[in-house]
Amino acid sequence: MEAQKLSFLLLLLLLSAALPPPSLISAKELCNSEDKKVLLKIKADLGNPYALASWLPNADCCTDWYAVTCNSNNRINQILVQYDDNLTSTIPSAVADLPYLELIFFHKLPHLTGTIPKSITKLTRLTQLWITWTNVTGFPDFISKIPTLTYINLSFNNLTGTIPPSLSVLDNVNYVDLSRNKLTGSIPESFGSFKQASNFYLILSHNELSGSIPESLTKLTLQNFNVSFNKLCGQIPQGGSLQTFTEYEYLHNKCLCGSPLPACK
């Protein structure tokens, strides 16, 4: 009997030795393998910045990585790269290879340069494009080809050129912030035809915009509006929401006049 017990204990000992310790037994990885491959390419294209130090090949991108989130199907739906003074690169075109992406967020990256890649027009689920406080240049007029967009914030960059009238074809957009750039030309007349006309945000301050404020903007119910620090001229159109804002939203232009500024001479 004692010999049988000894044999049984020896068998248990051998079996336990053959099994890996509990710490090495991991659950099945949630991260989609194709998404991970794309993210690791993005990290390499950005020069392996410190902001993405958690993006390790042997870690789960849905549970262990910072700067990304996964949706309920464990597909990457947000990429958020921010606060890295040492990141020196352009926005990788590979971001467009994340088919479930809903948010692109690049913020406070002073050495991020170049243009916004046209490849993002492939993203059929993208709702928010948020690229702020960078040195990105040009103007991505192709974003009018992303019909799912609701929110566009391209403030505090080095964007140049004119504002494309085609932005107004985006039926779901109700927030446009293009402030603190070097944009020229006029405010498009078409901006009065945004479909989401209620509680609209239109922020165009601190550019080099010229011409007059379009009469069509009186059709929008503006929640926030700012055209200060430009080169605009002429009478502010009367009606809509334009008189609900203070003079500070209109100051420092070439020759704007009319309520809420002093009357035109």
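**A buried aspartate and a two-sided helix**

Asp84 lies in the loop that joins strand S2 to strand S3 (89-90). The structure is a predicted model, and this loop residue is a useful place to begin reading it.

Is Asp84 buried or exposed, and which side chain of opposite charge is nearest? Asp84 is buried, and the nearest such side chain is that of Lys43, 11 Å away. A salt bridge requires a side-chain nitrogen of Lys or Arg within 4 Å of a carboxyl oxygen of Asp or Glu, and Asp84 has none. The side chain of Asp84 does have a polar atom 2.9 Å from the backbone nitrogen of Asn86. Apart from neighbours within four places in sequence, the contacts of Asp84 are Pro49, Tyr50, Ala51, Lys108, Leu109 and Pro110.

Lys43 leads to helix H2, where it is one of the buried residues, together with Asp35, Lys36, Val38, Leu39 and Ile42. These residues lie on the same side of H2 because they cover an arc of only 165° around the axis. They pack against strand S1 (68-70) and strand S2 (76-82). On the face of H2 turned away from this buried side are the exposed residues Ser33 and Lys37.

The helix itself comprises 13 residues, 33-45. From first C-alpha to last, H2 reaches 18 Å, close to the 18 Å expected at 1.5 Å a residue. Its N-terminal end is capped by Asn32, which has a side-chain oxygen 2.9 Å from the backbone nitrogen of Glu34. Just after the helix comes Gly47, with a positive phi of about 85°.

Methods:
Residues numbered from 1 in each chain as written. Predicted model: local features only at pLDDT ≥ 70, side-chain atom pairs only at ≥ 80, totals over all residues. Heavy atoms only, no water. Helix = DSSP H or I, 4+ residues; strand = E, 2+ residues; numbered from the N terminus. Expected span 1.5 Å × (residues − 1). Buried < 20%, exposed > 50% of the residue type's maximum accessible area, 1.4 Å probe, protein only. Arc of directions from axis to C-beta. Contact = heavy atoms within 4.5 Å. Polar contact = N/O pair within 3.5 Å; in protein donor to acceptor, adjacent residues only side chain to side chain. Lys, Arg positive; Asp, Glu negative; His and termini not counted.
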